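Colleague: Let us go through this model together. I will ask, and you answer from the coordinates.

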Amino acid sequence: LQLEASSRTMAIVLVLADADGRPIQVMETGLDGAARLLGKRLEAGTYTVHVAAASATRTGAFSLQAGFEASPGAALK
């Protein structure tokens, strides 16, 4: 799994959670940064991604890119 969230003007918080909403990994950046999760191996299932872009006084826009690759030999059901 690969996730990247970025904002030109805000700090970013990116949370990968399991199907029950429990955080698996949390990434945070300072201003004008990008939160990245690259190459995270996960079992097949349902996951949730939460992203927020905020400063001390306001929230703002962000971009989110996501990608995944099935492991070699994985069967699709």
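Colleague: Which residues is Leu14 in contact with, leaving aside its neighbours within four places in sequence?

Modeller: This is a predicted model, where local features need pLDDT (the predictor's confidence in each residue, from 0 to 100) of at least 70, side-chain atom pairs count only at pLDDT 80 or more, and totals for chains, interfaces and linings use all residues. Residues are numbered from 1 along each chain as its sequence is written, and side-chain values use heavy atoms, with hydrogens and water left out. Contact means heavy atoms within 4.5 Å. With neighbours within four places in sequence set aside, Leu14 is in contact with Leu3, Ala5, Gln25, Val26, Met27, Ala35, Val49, His50, Val51 and Leu64.

Colleague: Is Gln25 buried, partly exposed or exposed?

Modeller: Gln25 lies in strand E3 (strands are DSSP runs of at least two residues, numbered from the N terminus). Buried means under 20% relative accessible area, exposed over 50%, and partly exposed in between, with a 1.4 Å probe and protein chains only. Because its relative accessibility is 29%, Gln25 counts as partly exposed.

Colleague: Why does Thr29 count as buried?

Modeller: Thr29 is found in the loop between strand E3 (23–28) and strand E4 (34–38). Beyond four places in sequence, Thr29 touches Ala11, Ile12, Ala34 and Ala35. Thr29 is buried because its relative accessible area is 17%.

Colleague: In which strand is confidence highest?

Modeller: The mean pLDDT of the chain is 83, and 90% of its residues reach 70 or more. Confidence is lowest in E4, at a mean of 83, and highest, at 91, in E3.

Definitions and conventions: Helix = DSSP H or I, 4+ residues; strand = E, 2+ residues; numbered from the N terminus.
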